[in-house]
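Colleague: I am new to this structure and would like a close look at a single part of it, namely the aromatic rings. Could you take me through how they pair and where the partners sit?

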Amino acid sequence: MKTFILASAVMAAFAGSMAHAEDAPKPDNEIMFNAAVVSDYRYRGISQTRLQPALSGGADYVNNPSGFYAGTWLSTIKWVKDSGGDSQVEVDLYAGKRGEIVKDLSYDVGVLAYVYPSNGFGSIDGFANANTTEIYGQVGFGPAYIKYSHSVSNLFGFVDSKNSSYFDIGANIDTVAGVILNLHVGHQTVKNTSAASYTDYKVGVTKDFGFATVALAVIGTDTDSYVGPDAKNLGKTSAVLSISKTF
């Protein structure tokens with residue numbers, strides 16, 4: 001699942017590297033590619049890979065004068081197969097528009113589809129199709145942001161969960177020697193399944209070394225309702241390391 005574009009730890013790395021690039025002149029149209037390896041693919045605090053590593057990659061198109069962007073991102077996953085489905089990859093498709101309202105006050109609005117090819121959840125009793133579509137809006141002030149995501153479909157296989165929501169606040173703060181401090185807290189509300197709702201958090205650092213961007217974060221949740229086939233808590237507090245490259 002992409003948060004807002006790369007998975008949580010990977011997104012922090014991408015955001016940190018992009019922050020340093022903002023001072024350079026940009027062409028009207030850009031196409032960028034990204035690739036990453038992460039020690040545990042966490043999405044909204046929950047491991048998507050049974051607390052194991054994942055590989056990911058994607059491509060983004062940006063029209064800088066208008067602020068329009070579109071892209072795709074893919075990652076290896078385990079949770080669908082672990083739940084009885086039949087997909088080992090996540091494909092994210094997204095498009096939106098971002099810009100500046102006034103100096104230091106930005107916005108970002110768009111739509112994001114999470115696709116799990118041939119996931120088979122629709123034929124499993126107690127599950128809806130895992131494919132999920134959300135619309136989102138974000139307001140940023142300097143390094144801080146507030147973001148709201150709203151599902152216009154069932155949410156990740158939960159039955160009757162349309163209109164679920166996720167509220168996210170955070171900041172990516174420049175410190176010393178090019179190190180970015182990444183702070184985040186979010187709350188997932190699952191419509192009609194209150195036991196699945198929870199809060200997640202992250203405290204981490206990101207540094208762009210040129211050849212790659214490295215991020216290290218402590219990520220966790222306040223729930224033990226999400227477990228893998230080995231009964232491990234997929235939302236437990238853990239350190240997550242990611243190495244990514246945008247080119």
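Modeller: What follows is a walk through the aromatic rings, pair by pair. Please keep in mind that this is a predicted model. A search of the whole structure finds 11 aromatic pairs, and a useful one to begin with is that of F33 and F247, whose ring centres are 6.1 Å apart and whose planes meet at 25°, so the pair counts as stacked, the limit for that label being under 30 degrees. Because F33 belongs to strand β1 (residues 29-38) while F247 is in the segment after β14 (238-246), this pair ties together parts that are 214 residues apart in sequence. As for their surroundings, F33 has 39% relative accessibility and counts as partly exposed, whereas F247, at 54%, counts as exposed.

Another pair, Y198 with Y226, is edge-to-face, with 5.4 Å from centre to centre and 70° between the planes. Here too distant parts of the chain are linked, since Y198 lies in strand β12 (residues 198-208) and Y226 in the loop between β13 (213-221) and β14, 28 residues apart. Y198 is buried, with a relative accessible area of 5%, and Y226 is buried as well, with a value of 16%, given that buried means under 20%.

Beyond these pairs, W79, Y116, F121 and F127 form one aromatic cluster. Rings also meet charges in this model: the charged end of R98 sits over the ring of Y69, 4.4 Å from its centre, and K207 lies over the face of F209, at 5.5 Å from the ring centre.

Terms used: Residues numbered from 1 in each chain as written. Predicted model: local features only at pLDDT ≥ 70, side-chain atom pairs only at ≥ 80, totals over all residues. Heavy atoms only, no water. Phe/Tyr/Trp six-rings, centres within 6.5 Å; stacked < 30°, edge-to-face > 60°. Helix = DSSP H or I, 4+ residues; strand = E, 2+ residues; numbered from the N terminus. Buried < 20%, exposed > 50% of the residue type's maximum accessible area, 1.4 Å probe, protein only. Lys NZ or Arg CZ within 6 Å of the ring centre and 35° of its normal.
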